[in-house]
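Reader: Hi! I've got a structure open on my screen and would love a quick tour. Could you walk me through it?

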Amino acid sequence: MTIKRISTGSEFEAKIGYCRAVVAGGFVHVAGTVGAGDTVEEQCKAALATIENALTEAGSSFEHAVRVNYYLPDASEFEPCWPILSATFGDNPPAATMVECNLIDPKFRIEIELTALLP
């Protein structure tokens, strides 16, 4: 099996020892991704943009997403993200889970992890 690793050059990738995405076994596995911004909505959009770039580099897209996990330190902040997520996945929504938990830095309001098929 061929494995392709995709890096964004994030400081966390080097410090922690991971890559943004791994293409293996017909799937694209995108690591938990946070985004810049002051609000949960801004961070959600930025994280999705980073994920979209990784999917594009892998040869996939949100249309092929099969699983997504959302991690938030405050579950009450998830609802403002719903319109963004609905617009992103459109008629092809993946299976999804939202978990309330601490993130690597208190400035982050949402982290998104995604798995997509490699068409």
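**A tour of strands, pocket and salt bridges**

Author: Happy to. H29 has T115 as its bridge partner in β6. Keep in mind that this is a predicted model.

Reader: Good start. How many bridges join β3 to β6?

Author: Five, and the two strands run antiparallel. Strand β6 covers residues 111–117.

Reader: Which strand pairs with β3 in a hairpin?

Author: That is β2, with two residues between the strands. Strands β2 (residues 21–24) and β3 (residues 27–33) are antiparallel and share four bridges. V23 sits opposite V28 of β3, and G25 in this hairpin has a positive phi near 60°.

Reader: And what about β4, which strands does it pair with?

Author: β4 (residues 65–72) pairs with β6 in the antiparallel sense through six bridges. Here N69 has E113 of β6 as its bridge partner. Six bridges also connect β4 to β5 (residues 95–100), but this pair is parallel. In that pairing, Y71 is matched with V99 of β5.

Reader: Switching topic: which residues make the nonpolar surface patch?

Author: F27, V66 and L117 make a patch of about 210 Å². L117 belongs to strand β6, and it counts as partly exposed because its relative accessibility is 38%.

Reader: Now pockets. How much space lies in the largest one?

Author: About 290 Å³. It is lined by 18 residues, and those closest to its centre are F12, R20, T33, V34 and F108. The elements giving two or more residues to the lining are α1 (11–17), β3 and α2 (40–58).

Reader: R20 caught my eye. Which residue forms a salt bridge with R20?

Author: E13 does, with the closest N and O atoms 3.6 Å apart.

Reader: Are those two buried or exposed?

Author: E13 is buried, at 5% relative accessibility. R20 is buried as well, with a relative accessible area of 6%.

Reader: How many salt bridges does the structure hold?

Author: Three. In another one, the side chains of E11 and K15 meet at 2.9 Å, N to O. These two are four residues apart in helix α1, so about one helical turn separates them. K15 counts as exposed, since its relative accessibility is 63%.

Reader: And where does the R109 and E77 pair sit?

Author: Their side chains meet in a salt bridge of 2.9 Å, N to O. The pair links distant parts of the chain, 32 residues apart: R109 is in the loop between β5 and β6, and E77 in the loop between β4 and α3 (82–89). E77 is partly exposed, with a relative accessible area of 22%.

Reader: Lovely, thanks!

Note on methods:
Residues numbered from 1 in each chain as written. Predicted model: local features only at pLDDT ≥ 70, side-chain atom pairs only at ≥ 80, totals over all residues. Heavy atoms only, no water. Pairing = 2+ DSSP bridges. Patch = residues over 30% accessible without salt bridge, like charges linked within 9 Å, V, L, I, M, F, W, Y side chains within 5 Å. Areas by Shrake-Rupley, 256 points an atom, 1.4 Å probe, with all protein chains shown as cover. Salt bridge = Lys/Arg side-chain N within 4 Å of Asp/Glu carboxyl O. Buried < 20%, exposed > 50% of the residue type's maximum accessible area, 1.4 Å probe, protein only. 1 Å grid on protein atoms, 1.4 Å probe; cavity = no way out; pocket = protein on both sides within 12 Å on 5 of 7 lines; lining within 4 Å. Points joined across faces, edges and corners; volume = space filled by probe spheres on them.
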